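Let's take a stroll through this structure together. Have the sequence and the 3D view handy as we go.

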Amino acid sequence: MLKQTIKNFVGRLFAGPARGPERISPEKHGIDKRKVSRHAVKVCEVLHNAGYEAYIVGGAVRDLIVGLQPKDFDVATNATPEQVRPLFRRARIIGRRFQLVHVVFGQEIIETSTFRAMANGDEFTDEHGRILRDNLFGSQEEDAARRDFTLNALYYDPIDEYVIDYHRGVADLKNRVVRMIGDPEARYREDPVRMLRAMRFAAKLDATIDPATAEPIQRMAGLIEHVPASRLFDETLKLLTCGHAMDCLRLLQKAGLHRGLIPLIDQVFAEEGGEEFVEFALARTDTRVRGGKTVSPSFLFAALLWKLVYRRWNELRASGEPASQALVQAADSVIEQQTRKLAIQRRFQADMREIWFMQARFERVNPRAIWRMLDQPRFRAAADFLQLRAEAKEVDSVQAQWWMDLANADDSTRAEMIESYQEQSRKSGATVATKRRRRPRKKRSADGASAHTDGGSGAQQASSGTHHDSAPQD
Ligand code: ATP
Ligand code: MG
């Protein structure tokens, strides 16, 4: 009896659909046609009229069914790239590993790919079983079987409005279950990135990962190390910008997957206020993403790693290093440590450094230098970062707001703001630095703000100074 149950279970894992695909009617799947890209519909229509099959596929169908606005639309067809391209005025064949067609409509690109066959064991793999090349055309059924999760293997025909479902993906989607198609372990071995994708879809859809799909992840987490760094970086960014970043991060940590991506996050969380800072940063990111705004990868990574940089910065200053040099050293050591695991592309590293370095310049500012700061391309991001630090009570929020207002102002308002700042500095007859020394005032220890301020030794406090003292409008 038990044997039979196991057999059925295993059979279900490997057999794929028992009785052909289900055709799900519009009333059942509930897709709102208004959310469907008219360009994607157009591509399907043109292909239909030329005698081919064509469907909207993948993430777009998944998002449409749960009522989200897809960020892009992909089409799958039985036409080959050479057959697709001449049907459209602006279309180009791209890709070396697997060719597909980009059909271009102004800003929107509809990625149109030919049904692909499932991995059959003949493909090239690396020594860990990771597939390096799979470029066989196939049937729709084969195409569905090589996709990762049941909820990503849905085909929507925008003309008859039915969804074709080979793996009961609509049911899984409605029940919010992320379930691997086929044997999870084998599929993770073929492509370890699927472990990250499982977490992302679980967080994004507020879904659970089916136990059989979840079980191998912890065991196989190490395979992530063999994935090329650029792909890992892209996937990590997708995780952090899916609108549910903190949930993703927690899932990654739980499975130990973060060790191959952002291993330093454990150390960051161990810092005083570290977890809270990351939470603030990711909450801001989520708000931007959900509001349809862009997110800068450099800002994100700068925020994730900041608390480590901040502590080292303070330690170095406490040992007598000048503030900006201390910050450069702190940044170098943290970036070096991070990139031992996941290489962050150089241009992002450069931007992260600029965002960090500007934090020292916000502190001790010579009024005349403000204009020079405004010329820095990352000034706005750095001011935004200062606001994040203010939210975490690390710097004064009035000061942070002044810089943000300055970033947002037009040139004449900027001139007024800077002039009144200069005026005040002149009146007080002091540089920022001397002002700091002169104002011992309130003892900092009891209130919430100061608890986060420097958190370190007296020497640290004296040397790092805080925002309160250097607020331009003081
Ligand atoms: P999103 O675009 O929201 O990140 P998505 O599901 O559309 O999510 P894409 O990377 O755009 O993700 O991939 C499109 C489709 O291709 C997926 O829905 C899935 O069917 C298939 N796919 C993508 N990556 C993999 C993978 N690593 N293994 C198997 N199938 C995949
Ligand atoms: Mg997509």
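What follows starts at the ligand and then moves on to one helix.

First, some housekeeping: this is a predicted model, where local features need pLDDT of at least 70 and side-chain atom pairs count only at pLDDT 80 or more, while totals for chains, interfaces and linings use all residues. Residues are numbered from 1 along each chain as its sequence is written, chains are lettered from A and ligands numbered from 1 in the order in which they are written, and side-chain values use heavy atoms, leaving out hydrogens and water.

Now zoom in on ligand 1. Around it sit 17 residues (a residue is near if one of its heavy atoms lies within 4 Å). Sorted by class, 13 of them are charged (Asp, Glu, Lys or Arg), 3 are polar and 1 is nonpolar (Ala, Val, Leu, Ile, Met, Phe, Trp, Tyr, Cys or Pro; the others, Gly among them, are polar).

Look at the arginines next. Side-chain N or O atoms of Arg62 and Arg147 lie 2.8 Å and 3.0 Å from an oxygen atom of ligand 1, and for a polar side-chain atom of Arg200 the distance is 2.7 Å. The protein covers 84% of the 580 Å² of accessible area that ligand 1 has on its own (Shrake-Rupley method, 1.4 Å probe).

Which helix gives the largest share of the shell? That's α9, with 5 residues. Helices here are DSSP runs (H or I, at least four residues), numbered from the N terminus. α9 runs over 193–205, and 13 of its 13 residues are buried (under 20% relative accessible area, 1.4 Å probe, protein chains only). Just after α9, Asp206 takes a positive phi of about 55 degrees.

Terms used
A polar contact is a pair of N or O atoms within 3.5 Å; within protein, one must be able to donate a hydrogen and the other to accept it, and residues adjacent in sequence count only if both atoms are side-chain atoms. Helices (H or I, at least four residues) and strands (E, at least two) are DSSP runs, numbered from the N terminus. Buried means under 20% relative accessible area, exposed over 50%, partly exposed in between (1.4 Å probe, protein chains only).
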